[in-house]
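Trainee: Could you take a close look at one part of this model with me? I'd like to go through the ligand site, plus whatever else along the chain you think is worth a stop.

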Amino acid sequence: MSRKALIAANWKMYKTPAEAKAFVEAFLPLVAGHTRDEIALFPSVTSLATVVELAAGSNVSVGLQNMHFAEEGAYTGETSAAMLKAVGATHTLIGHSERRQYFNETDEVVNKKLHTALKHGIVPVVCIGEVLAEREAGKTADVLKTQITGALVGITAEAAAPIVIAYEPVWAIGTGKTATPEMAVEAHKIVRAEVAKILGADVAAAIRILYGGSVKPDNATALLGEEEIDGALVGGASLKADSFAAIAKY
Ligand code: PGA
């Protein structure tokens, strides 16, 4: 089964709307006509509308870095699925390790957000990954299985098609340390096998599993050349148009 790669830029808490505009204007010509892979940008909330408008009609999709699970309500500082869609965004990250680490996002919250995203037709990129101590203790497989199982509670095979998973070993995020292609492939196989157990072989064969954690232009080809690796979630190296374009065109 051939899966179309998704190359995604997670800008985190960087870029004002003016900076986001400058990026998109520089970036779109660099990837014009690139249809081999899907490309998505995840700006901050304040730049979302600007990026959506500038990317309209292009081969670049736009999403939020986080979305609340509730339809609406007294959740100060949060953004709903309807708000995301009204602006014209189509994707959301869910459960990024920084959300888990600093904002108490648990597998249960991730699961609720996943249900909400699917209900609203938003493409969810569900992030999972072990911290260094877990890897060193030989617990990587257990951690990934727990996170996947927790995320997928109550999700049916019929509803699962839009789901994208991003395997991001926490020790590789923003550290310059990258998992080797072998390490990433091993983790992806564990994740795909777990998805097969929960949602069946067909869903597992079709689901895209991205790798994230210090993906750069000079390691993208080795990682993305692996059949098991269906794209990349890129932080630091996605902040510059030429560097992210180089990754997208690995
Ligand atoms: P990084 O971030 O590429 O800077 O390691 C990846 C991520 O957090 O998604």
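**A walk from helix 1 to the ligand**

Mentor: Let's start at Ala22, which sits in helix 1. Keep in mind that this is a predicted model. Ala22 has a relative accessibility of 46%, so it counts as partly exposed; the cut-off for exposed is over 50%, and buried means under 20%. If you want a sense of scale, pair Ala22 with Leu144: they are 122 residues apart along the chain, and their C-alpha atoms are separated by 37 Å.

Now step back along the chain to Lys15. You'll find Lys15 in the loop that links strand 1 (6-10) to helix 1 (17-31). Its backbone deserves a look, since phi of Lys15 is near 85°, a positive value in a residue other than glycine. Lys15 has a relative accessible area of 18%, and because buried means under 20%, Lys15 falls in that class.

Ser214 gives you another case of this kind of backbone angle. Phi of Ser214 is near 55°, again positive and again in a residue that isn't glycine. Ser214 belongs to the loop between strand 7 (208-212) and helix 10 (217-224). With 9% relative accessibility, it is under the 20% cut-off and so counts as buried.

Ser214 also takes us to the ligand, as it is listed among the closest residues there, along with Lys12, His96, Glu168 and Gly174. In total, 13 residues surround the ligand. Sort that shell by class and you get four nonpolar, seven polar and two charged residues.

What about polar contacts? From the side chain of His96, an N or O atom lies 2.7 Å from an oxygen atom of the ligand. Gly174 brings in its backbone instead: one of its polar backbone atoms is 2.7 Å from a ligand oxygen. The side chain of Asn10 has an N or O atom 3.5 Å from an oxygen atom of the ligand. As for cover, the ligand taken alone exposes 280 Å², and the protein buries 97% of that.

One last thing, in case you run a pocket search on this model: the space that the ligand takes up is the second largest pocket. So if you want a short list to click through, try Asn10, His96 and Gly174 for the polar contacts, then Lys15 and Ser214 for the positive phi values.

Notes: Residues numbered from 1 in each chain as written. Predicted model: local features only at pLDDT ≥ 70, side-chain atom pairs only at ≥ 80, totals over all residues. Heavy atoms only, no water. Near = heavy atom within 4 Å. Polar contact = N/O pair within 3.5 Å; in protein donor to acceptor, adjacent residues only side chain to side chain. Areas by Shrake-Rupley, 256 points an atom, 1.4 Å probe, with all protein chains shown as cover. 1 Å grid on protein atoms, 1.4 Å probe; cavity = no way out; pocket = protein on both sides within 12 Å on 5 of 7 lines; lining within 4 Å. Sits in = over half its atoms within 2 Å of the grid points. Nonpolar A, V, L, I, M, F, W, Y, C, P; charged D, E, K, R; others polar. Helix = DSSP H or I, 4+ residues; strand = E, 2+ residues; numbered from the N terminus. Buried < 20%, exposed > 50% of the residue type's maximum accessible area, 1.4 Å probe, protein only.
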